[in-house]
Amino acid sequence: MELSEREAMRSVIRDFAEREVKPRVRDYDREERLPTDILAGMARLGLFGGVVPEQWGGTGLDHVTFARLVEEISRVDHCLGVLMSMPSALVGAGLLKYGTDEQRKRWLTPLAQGEIFGGAGVTEPQSGSDVAGMQTTYVRDGDEFVIRGMKTWISNLDIASFFVTFATRDRAERRNGVTAFVIPRDTPGLSVHPFKNKLGFRPICTGELVLDEVRVGADCVLGEEGRGFQVAMTAVEKGRLSVAARAVGGAQACLDACLAYAAQRVVGGSPIGSYQQIQKKIADMATEIQAARLLVENCARTLDSGARGRTETSMAKMFASDVFQRTATEAVQIHGAYGVSDEFPVGRAYRDSKVFQIVEGPNEIHRLVIARELLSGGKNRT
Ligand SMILES: Cc1cc2nc3c(=O)[nH]c(=O)nc-3n(C[C@H](O)[C@H](O)[C@H](O)COP(=O)(O)OP(=O)(O)OC[C@H]3O[C@@H](n4cnc5c(N)ncnc54)[C@H](O)[C@@H]3O)c2cc1C
């Protein structure tokens, strides 16, 4: 996409976020809910279309543009960035790559148009980082599949019309036993149990997804039987680009808040921005944020080239979320006691940034992925 076109889209998002979201984000974060009228406004602007091809109702953006737009909305609320990225990533990427035309038409198109929302159920109580160690199982019964198990820490429980989730036919087969399913929310046996009062990501409704003898037909199998692990990896790897872009947006918001605060807060007769220790923090923040942004761009370019970008997505997600966490910590410090109140956005960023280091693969796992790739001499590179 032309730079001028991308900048025009960014400015539409900036206006929307400043006007419609900023005045309300503190309250809805406190109330742990996502305002549906804000989601409807995003749908009207076409913000859910992302990288989903126009053929399937999306906007067909390149990944570089997509990442910059997700960063932009995340400067005001990264939770809206989560929603904006789901059709292109955690929920939609598997449907796009492995779904049948029927499944894409039924789920991906309305998802990309913001008419419905979805959830992705990968994490289980006993297996988060170790996806192949899942305990949710399925058995075949004639033409049907009967799924039994439980997922946890699943987002969008309140608004999802369907879940892309995973089960194994035999735990001993590890990743080769896993099959992906797309399951309508109203399927008998499926129930949700939200967690309340989370540290961060409070507006997103997250909790347990229980699958109690859930019976589905072959039309709910996503991709080939036994190839679900690949579907899961497609979803989470695409998801990592957007986590990284959201982290850059959140970190930039902290820097913006610090620049304003350092200019107006007078201590000892001078604005605190005149003190060298504050200047050092600001210079370090700005430099790290720009480095994170460049890693996100590098990752997006790799995905645009058609490569899987496993190392690039891990580098971007790990580095950007660590930068967000460091930036938010320093931002609270610069705000002194006011950083602890919810009058300023940096306290929320501080809580949320910690969660960024855990979701879509904790950063320890990303370091593992990067190191294995390097130590294997690039043999795992695809
Ligand atoms: C707000 C929120 C929303 C979420 N939304 C979703 C969602 O929509 N869908 C979904 O499927 N999941 C979701 N998750 C779950 C999230 O992706 C997992 O929490 C994450 O992948 C880590 O899994 P875990 O919590 O089981 O940690 P574990 O795997 O139990 O890891 C615990 C610790 O051990 C470390 N560790 C594990 N293995 C190794 C190793 N080999 N070497 C070194 N260290 C290791 C980890 O890095 C971590 O620090 C969400 C979580 C949160 C908090």
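## A tour of cavities, ligand and pocket

The nine residues lining the largest cavity make a good starting selection: by class they are four nonpolar, three polar and two charged. Before you zoom in, keep in mind that this is a predicted model.

**Stop 1: the largest cavity.** Select Val82, Ser85, Met86, Ala89, Leu90, Gly239, Ser242, Arg246 and Glu360, and you will have the full lining on screen. The space they surround has a volume of about 50 Å³. Now colour by secondary structure: helix H5 (78-85) and helix H8 (228-264) are the elements that give two or more residues to this lining. Which helix gives the most? That is H8, with three residues.

**Stop 2: the second cavity.** How many cavities of 30 Å³ or more does the structure hold? There are two, so let's visit the other one. Select Val64, Ala67, Arg68, Arg293, Val296, Glu297 and Ala300, which line the second largest cavity. About 40 Å³ of space lies inside. Helix H4 (63-74) and helix H9 (276-304) each supply at least two residues here, and H9 gives the most, with four. Colour this lining by residue class and you will find four nonpolar residues, three charged ones and no polar ones.

**Stop 3: the ligand.** Next, centre the view on the ligand and show its surroundings. Of the 20 residues around the ligand, the nearest are Ala120, Thr123, Ser129, Trp153 and Glu364. By class, this shell divides into eleven nonpolar, seven polar and two charged residues. Strand S1 (117-121), strand S3 (144-155) and helix H12 (363-375) each supply at least two residues of the shell.

Three distances are worth drawing with your viewer's distance tool:

- From a nitrogen atom of the ligand to a polar backbone atom of alanine 120: 2.8 Å.
- From a nitrogen atom of the ligand to an N or O atom in the side chain of serine 155: 2.9 Å.
- From an oxygen atom of the ligand to an N or O atom in the side chain of glutamate 364: 2.8 Å.

If you like surfaces, add one here: the ligand taken alone exposes 980 Å², and the protein buries 65% of that.

**Stop 4: the second largest pocket.** Move on to Lys22, Arg75, Val76, Pro345 and Arg348, which lie nearest the centre of the second largest pocket. In total, 29 residues line this pocket, and about 590 Å³ of space lies in it. To see which elements frame the space, highlight helix H1 (3-21), helix H2 (25-31), H4, H8 and helix H11 (346-356); these give two or more residues to the lining. Two of those names should be familiar, as H8 appeared at the largest cavity and H4 at the second largest cavity. What does the lining look like by class? It has 14 charged, twelve nonpolar and three polar residues.

**Stop 5: the whole chain.** Finally, zoom out and switch to a cartoon. You should be able to trace twelve helices and ten strands along the protein chain. Reduced to its C-alpha trace, the chain spans about 80 × 50 × 40 Å along its principal axes. How does the radius of gyration of the protein chain compare with that of a compact globule? With 382 residues, such a globule would come out near 21 Å, and the chain has 21 Å, so the two agree.

Technical notes
Residues are numbered from 1 along each chain as its sequence is written. This is a predicted model: local features need pLDDT of at least 70, side-chain atom pairs count only at pLDDT 80 or more; totals for chains, interfaces and linings use all residues. Side-chain values use heavy atoms; hydrogens and water are left out. On a 1 Å grid over the protein atoms alone, a cavity is a set of points where a 1.4 Å probe fits but cannot get out, and a pocket is an open set with protein on both sides within 12 Å along at least five of seven lines; lining residues have an atom within 4 Å of a point. Grid points are joined across faces, edges and corners, and a volume is the space filled by probe spheres set on the points. Ala, Val, Leu, Ile, Met, Phe, Trp, Tyr, Cys and Pro count as nonpolar, Asp, Glu, Lys and Arg as charged, and the others, Gly among them, as polar. A residue is near a molecule or strand if one of its heavy atoms lies within 4 Å of it. A polar contact is a pair of N or O atoms within 3.5 Å; within protein, one must be able to donate a hydrogen and the other to accept it, and residues adjacent in sequence count only if both atoms are side-chain atoms. Accessible areas come from the Shrake-Rupley method with a 1.4 Å probe; for residues, only the protein chains shown count as cover. The radius of gyration is taken over C-alpha atoms; the globule rule is 2.2 Å times the number of residues to the power 0.38.
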